[in-house]
Amino acid sequence: RTFEGQLPSGERWHAELLDRMTVDLGAARPAVLSESTRAALALYLDFRHVFRRIYRADLEWEPMEHLVRRLPSVSAAWREEVGRFLEFVEATAREATGG
């Protein structure tokens, strides 16, 4: 809300928010995520979509294996990129308050 005025809504709000996070808004804010991290996270979002709509109790390992194995590196990239963004937010707040 602070940077773009409103949050996405509708059925695809998760995907739209993820997409928005890769946009560099110049002086307003840098991109929160790189395109490669967005693409990796989109795979987990797709899995979430399938998982929430699954009608049987059994999940097949093979389709999920690459997600499970990549999770530590995707999580580390996300943490690093969001951490950099939070540093930007904190620096901007310090500048705005003169501190």
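Contact here means heavy atoms within 4.5 Å, and the structure to which the exercises apply is a predicted model.

**Exercise 1. Determine which residues of helix 1 are buried, and which element is included in what covers them.**

Step 1. The cut-off for a buried residue is a relative accessible area under 20%, and in helix 1 this description fits Ala15, Leu18 and Arg20.

Step 2. Turning to contacts, one finds that helix 2 is included in what covers these buried residues of helix 1.

Step 3. A single residue of helix 1 can then be followed: His14 has its place in this helix, and, once residues up to four places away in sequence are set aside, His14 touches Leu45 and Arg48.

Step 4. The C-alpha atoms of His14 and Ala42 are separated by 9.3 Å, although the two residues stand 28 residues apart along the chain.

**Exercise 2. Classify His14, Ser73 and Ser75 as buried, partly exposed or exposed.**

Step 1. The classes are set by relative accessible area, with buried under 20%, exposed over 50%, and partly exposed in between.

Step 2. His14 has a relative accessible area of 27%, so it is partly exposed.

Step 3. Ser73, which is found in helix 3 (residues 61–97), has a relative accessibility of 47% and therefore counts as partly exposed.

Step 4. Ser75 also lies in helix 3, and because its relative accessibility is 26%, Ser75 counts as partly exposed.

Step 5. Distances to other parts of the chain complete the description of the two serines: the C-alpha atoms of Ser73 and Thr37 are 9.8 Å apart, with their positions 36 residues apart along the chain, whereas Ser75 and Ala27, 48 residues apart in sequence, are 27 Å apart in space from C-alpha to C-alpha.

**Exercise 3. Describe the largest pocket by its volume, its lining and the elements that contribute to it.**

Step 1. The volume of the largest pocket is about 350 Å³, and among the 15 residues that line this pocket, those closest to its centre are Glu11, Arg12, His14, Leu45 and His49.

Step 2. Two or more lining residues are given by each of helix 1 (13–20) and helix 2 (35–52), and the largest share of the lining, seven residues, comes from helix 2.

Step 3. Sorted by class, the lining of the largest pocket holds eight charged, five nonpolar and two polar residues.

Step 4. His14 links this exercise to the previous ones, since His14 is among the residues closest to the pocket centre and touches Leu45, which is also named there.

**Exercise 4. Explain why the protein is described as more spread out than a compact globule.**

Step 1. The protein has three helices and zero strands, and from the N terminus on its elements run α-α-α.

Step 2. For 99 residues the globule rule gives 13 Å, and the radius of gyration of the protein, 17 Å, is well over that value, so the protein is more spread out than a compact globule.

Step 3. The dimensions can be set beside this result: along the principal axes, the C-alpha atoms fill a box of roughly 55 × 30 × 20 Å.

Step 4. Of the 99 residues in the protein, 20% are buried, and the accessible surface comes to about 7,500 Å², with 56% of that surface belonging to carbon and sulfur atoms.

Step 5. Among contacts with a separation of 6 or more, 49% are accounted for by residues 24 or more positions apart.

Methods
Residues numbered from 1 in each chain as written. Predicted model: local features only at pLDDT ≥ 70, side-chain atom pairs only at ≥ 80, totals over all residues. Heavy atoms only, no water. 1 Å grid on protein atoms, 1.4 Å probe; cavity = no way out; pocket = protein on both sides within 12 Å on 5 of 7 lines; lining within 4 Å. Points joined across faces, edges and corners; volume = space filled by probe spheres on them. Helix = DSSP H or I, 4+ residues; strand = E, 2+ residues; numbered from the N terminus. Nonpolar A, V, L, I, M, F, W, Y, C, P; charged D, E, K, R; others polar. Rg over C-alpha atoms; globule rule 2.2 N^0.38 Å. Buried < 20%, exposed > 50% of the residue type's maximum accessible area, 1.4 Å probe, protein only. Areas by Shrake-Rupley, 256 points an atom, 1.4 Å probe, with all protein chains shown as cover.
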